[in-house]
2 protein chains.
Amino acid sequence: MTETPTAAMIVIGDEVLSGRTRDANTQVLAKMLDEVGIDLREARAIRDGEAEIVEAVNALRGCHTYVFTSGGIGPTHDDITAEAVAKAMDTPIGIRDDARAILAARYGEGPDLTDARLRMARIPDGAALIDNPVSGAPGFRLGNVFVMAGVPQVFAAMLDHARTMVEGGARMHDLSIPCPYPEGVLGEPLGAVAAAHPSVSIGSYPRLKPGGGWGVTLVARSRDADALGKAEAALHTMLAELEGAPTDGE
Amino acid sequence: MTETPTAAMIVIGDEVLSGRTRDANTQVLAKMLDEVGIDLREARAIRDGEAEIVEAVNALRGCHTYVFTSGGIGPTHDDITAEAVAKAMDTPIGIRDDARAILAARYGEGPDLTDARLRMARIPDGAALIDNPVSGAPGFRLGNVFVMAGVPQVFAAMLDHARTMVEGGARMHDLSIPCPYPEGVLGEPLGAVAAAHPSVSIGSYPRLKPGGGWGVTLVARSRDADALGKAEAALHTMLAELEGAPTDGE
């Protein structure tokens, strides 16, 4: 069996850490990676400071097959991600003709092609552009690092292109089973099922229902469809054996 | 001026990194910390593996005044956060009488006090309990690490207590100004305002409007109210000078 590719996400922007904005991009990336068989192992939100970006990129790009960033590639002074990633990877960066042409096609060669907008044509040497069908200004892939926009619609659009640039692995299969028993009741038999099916990751996800009381969803995940099927059968057997058990409490 | 306290968040749970769940707790924590004058510097989402939790706790607790975790303290086999944090901090852990009493008050001493539920009474030696008015089972503070539940309603309730256990700093003041010009137009004058007000953090946050086109919000933040007032005046002057500039494009 070949090794499963892994990935990390770096969410760049003070607005997430000040509570002003709730990050939406990690979940979109997570779903895409799940579909192509890449394990997202970590997501970090950091401030848009050069030192923070350099440190995170260099901490993660050596440990993972791919690293994705979101945020900080717009036209304003606080958009420093492209420069910081280039610095982390010791690569020269400047306004590149191919990226400039994309912006000139949108804004013309007149006064609308402002210096601020031209900042968005700053691309590290050797990087491949990532298409931005929403607003033109591209992202880029430098080595195994994918640099993309923070605005969710643009991030998602760039991800459609980025997806074609990665090599996936075996897909994770999964299934969910709603469960009427709280975790305090199903915890022990569930642990036994999990222990008996070590190649399947079995989790239980509680939530508070709007009317009060807990709802629990059992989730089983595995790259081995056969093993997953056996775990599913064991979970249904467990639930049948729990019939009549108390359904209240945590 | 005293140093501003800093914090890091560790979101623990496979469900966030598989895309099944979108983390809500970081934003709630971020807003609370903002209110009490603590800088949230980083948020990491990691898988619920012991090695991952130990590594993240030890990487962050030495760099920040406070570390907060969410997730993995329930009654099932995949709830391993309490043990992993105790291991990271080299502290014995076991069922503690004070935590057990909280659960016994809710579930009695009979069969409802299952072994699974008693897992939630496992608290490291010397840790202070964090109240859970929603479902009883407490979180805890060990040293500068606050261990809390992943279910958003429980996390938020625990945070009300955790808030009383931290020492805040000077509050960050902030203001938002909606702006009709895209970043490509305001980027240069905005950069000049930011450069002239180095003690104020000035950001611009673009969003795609439902009907098309960009909306931008200017945000200025500072612990120095006087400096913030001056930056605000400069931003309004800048916007007045931009009057008549194009409002389309990025």
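These are my notebook entries on a predicted model with chains A and B.

**Confidence**

I began with the scores, and for the complex the predictor gives an ipTM of 0.96 and a pTM of 0.96. For chain A I noted an average pLDDT of 96, with 99% of the residues scoring at least 70.

**Where the chains touch**

I then looked up the contacts between the chains and found 55 residues of chain B in contact with 55 residues of chain A. On the side of chain B that touches chain A, the elements that each supply at least two residues are helix H1 (14–17), helix H2 (25–36), strand S2 (39–46), helix H6 (115–119), helix H8 (183–196) and strand S10 (201–208) of chain B. The largest share of that side, 8 residues, comes from H8(B). Sorted by class, the side of chain B that touches chain A holds 19 nonpolar, 18 polar and 18 charged residues.

I also checked for strand pairing across the two chains, and strand S2 (residues 39–46) of chain A is joined to S2(B) by 5 bridges, the two strands running antiparallel. As a reference pair for this crossing I wrote down A:Ala45, whose bridge partner in S2(B) is B:Ala43.

**The S9-S11-S10 sheet in chain A**

In chain A, I followed an open sheet of 3 strands in the order S9-S11-S10, with antiparallel pairing. Strand S9 (173–179) and strand S10 (201–208) of chain A each have a single partner strand and stand at the edges, so one side of each has no neighbour in the sheet. Neighbouring strands of this sheet are turned by 20° against each other on average, with direction ignored.

Between S10(A) and strand S11 (residues 214–222) of chain A I found 8 bridges, in an antiparallel arrangement. Within this pairing, A:Gly203 has A:Val219 as its bridge partner in S11(A). Helix H9 (residues 225–241) of chain A packs on the sheet and touches S9, S10 and S11 of chain A, its direction making about 155° with that of S11(A).

**The S9-S11-S10 sheet in chain B**

Turning to chain B, I found an open sheet of 3 strands, ordered S9-S11-S10 and paired antiparallel. Its edge strands are strand S9 (173–179) and S10 of chain B, each of which pairs on one side only. From one strand to the next the twist averages 20°.

I looked up the pairing of S9(B) with strand S11 (residues 214–222) of chain B, where 7 bridges join the antiparallel strands, and noted that B:His173 stands opposite B:Ser222 in S11(B). H8(B) lies across S9, S10 and S11 of chain B and runs at about 170° to S10(B). H8(B) is also the element that gives the largest share of the side touching chain A, and I therefore marked it for both entries.

**Helix H5 of chain A**

Which residues of helix H5 (residues 97–107) of chain A are buried? I listed A:Ala99, A:Leu103 and A:Tyr107. They cover an arc of only 60° around the axis, which puts them on the same side of H5(A). The face turned away from that buried side carries the exposed residues A:Asp97, A:Asp98, A:Ala101 and A:Ala105.

I next asked what covers the buried residues of H5(A), and the cover includes helix H6 (115–119), strand S5 (122–124) and strand S6 (128–130) of chain A. After H5(A) comes A:Gly108, whose phi is positive, near 75°.

**A:Phe140**

I placed A:Phe140 in strand S7 (residues 139–142) of chain A. A:Phe140 counts as buried because 24 C-beta neighbours lie inside 10 Å, where the cut-off is 20 or more. Leaving aside its neighbours within four places in sequence, its contacts are A:Ile123, A:Pro124, A:Ala127, A:Ala128, A:Leu129, A:Ile130 and A:Val147. For A:Ile130, 10 residues apart from A:Phe140 along the chain, the C-alpha atoms of the two are separated by 4.8 Å.

**Asp90 in both chains**

Finally I looked at a backbone angle, and A:Asp90 has a positive phi of about 55° although it is not a glycine. A:Asp90 sits in the loop between helix H4 (81–88) and strand S4 (93–95) of chain A, and it counts as exposed, with 7 C-beta neighbours inside 10 Å.

For B:Asp90 I recorded a positive phi of about 55°, again without being a glycine. B:Asp90 lies in the loop between helix H4 (81–88) and strand S4 (93–95) of chain B, and with 7 other C-beta atoms within 10 Å it is exposed.

Methods:
Residues numbered from 1 in each chain as written. Chains lettered and ligands numbered in written order. Predicted model: local features only at pLDDT ≥ 70, side-chain atom pairs only at ≥ 80, totals over all residues. Contact = placed C-beta atoms within 7 Å. Helix = DSSP H or I, 4+ residues; strand = E, 2+ residues; numbered from the N terminus. Nonpolar A, V, L, I, M, F, W, Y, C, P; charged D, E, K, R; others polar. Pairing = 2+ DSSP bridges. Axes fitted to C-alpha atoms, helices over the stretch in contact; angles between N-to-C directions. Buried ≥ 20, exposed ≤ 12 C-beta atoms within 10 Å, placed from the backbone. Arc of directions from axis to C-beta. pLDDT = per-residue confidence, 0-100.
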